[in-house]
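User: Could you walk me through a few features of this model?

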Amino acid sequence: MTIHHVVKERNFDSVFQSAKGSASAKLTIKLKVELFALDPSVADSPAGGEHPVHLVNSLSHAKRGLVIDADDDTIMCRSWVTHEWEEFKTKFKKMVEMSWNNQMILLPGGPKKGAGSHVNDYKTMLATERAPAHVECALELDLTSNGAHAEIEVARKVDKRREFRSDMERIVDTDVEFSTTTMKGFRDRKIFQVTAAHEVGHWLRDVDKTHFSHVDWEYAKTLPAAERAHAQYGHTLGKHVAMMGGGNLCTEHEAQPWLSRIGRHVSTLAGWKFMHRIPFRKRFP
Ligand SMILES: [Zn+2]
């Protein structure tokens with residue numbers, strides 16, 4: 001048997017489970033995330049140090065301050081109250097995992113040359129007689145302060161209606177809710193996204209990269225600099241609805257972190273391809 005069930009790496013850990021009964025084989029990326037309840041009074045001051053935290057038991061003890069967002073705008077924020085913070089962390093994990101899960105399937109291409117017999121490995125990915133060998137992709141967050149792969153500050157807005165532009169290192173309280181946008185030219189098509197799920201996606205990076213890129217970055221790179229920021233979120237509707245664009249659909253791009261890891265678990269097969277769960281289940285119910 002050549003399957004490796006657990007892989008631990010600096011970017012993220014992963015676990016491979018063989019098919020069992022009618023349950024598909026599964027590749028779960030396990031990302032350890034440390035969330036910081038941002039102290040708004042020193043959020044952007046050198047005096048605050050790295051990731052300044054302020055948690056209070058009652059609102060009367062909360063501090064206020066202007067926090068800089070990813071567009072360099074300043075937004076009035078306040079300290080988190082302990083019970084709000086606990087609720088936020090629970091919702092963060094739930095909404096991010098829900099956004100990424102139950103969408104992506106990987107299919108092996110064929111035997112990898114010189115890697116030995118693939119027969120046993122192939123069998124561990126057969127869940128039913130009707131479907132070919134396949135692996136479901138999953139994301140699991142472990143909220144921890146111990147050896148986190150991802151460090152994210154969370155600001156608490158005073159006025160929840162104020163827009164705050166998040167990035168992978170700093171988000172806000174409202175980022176665990178669904179937000180709705182539209183794309184120019186398709187105004188009647190609502191596009192949903194949980195911002196926190198998108199920002200966590202940036203942490204699903206290659207070991208040697210600073211972040212996992214937006215869905216259309218390769219295309220955006222070919223444009224003049226001024227047009228890149230916008231285009232990388234998807235210059236067509238089909239791209240823009242992706243999780244690493246403006247939406248919540250997992251496409252071949254979103255599958256990259258799993259595609260780049262599966263060979264470490266199953267070393268006798270190569271040529272892995274992505275398929276969305278919906279067409280896969282239509283073909284192999
Ligand atoms: Zn982004």
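Here are some short questions and answers on a helix, a core and two loop residues.

Analyst: Happy to help! This is a predicted model, where local features need pLDDT of at least 70, side-chain atom pairs count only at pLDDT 80 or more, and totals for chains, interfaces and linings use all residues. Residues are numbered from 1 along each chain as its sequence is written.

User: How many residues of helix H3 (residues 195-202) are buried?

Analyst: Helices (H or I, at least four residues) and strands (E, at least two) are DSSP runs, numbered from the N terminus. A residue is buried if 20 or more other C-beta atoms lie within 10 Å of its own, exposed if 12 or fewer, and partly exposed in between, with C-beta atoms placed from the backbone. Among the covering elements of H3 are helix H1 (82-100) and strand S3 (25-37). The buried count for H3 is 7 of its 8 residues.

User: Which residues of H3 does Val 96 touch?

Analyst: Contact here means C-beta atoms, placed from the backbone, within 7 Å. Leaving out residues up to four places away in sequence, Val 96 touches Leu 141 and Val 194, and also Ala 196, Ala 197 and Val 200. The buried residues of H3 include Ala 196, Ala 197 and Val 200.

User: Is Asp 72 buried or exposed?

Analyst: Asp 72 sits in the loop between strand S5 (64-68) and strand S6 (74-78), and its phi is near 70°, a positive value in a residue other than glycine. Because Asp 72 has 7 C-beta neighbours inside 10 Å, it counts as exposed.

Key:
Two residues are in contact if their C-beta atoms, placed from the backbone, lie within 7 Å.
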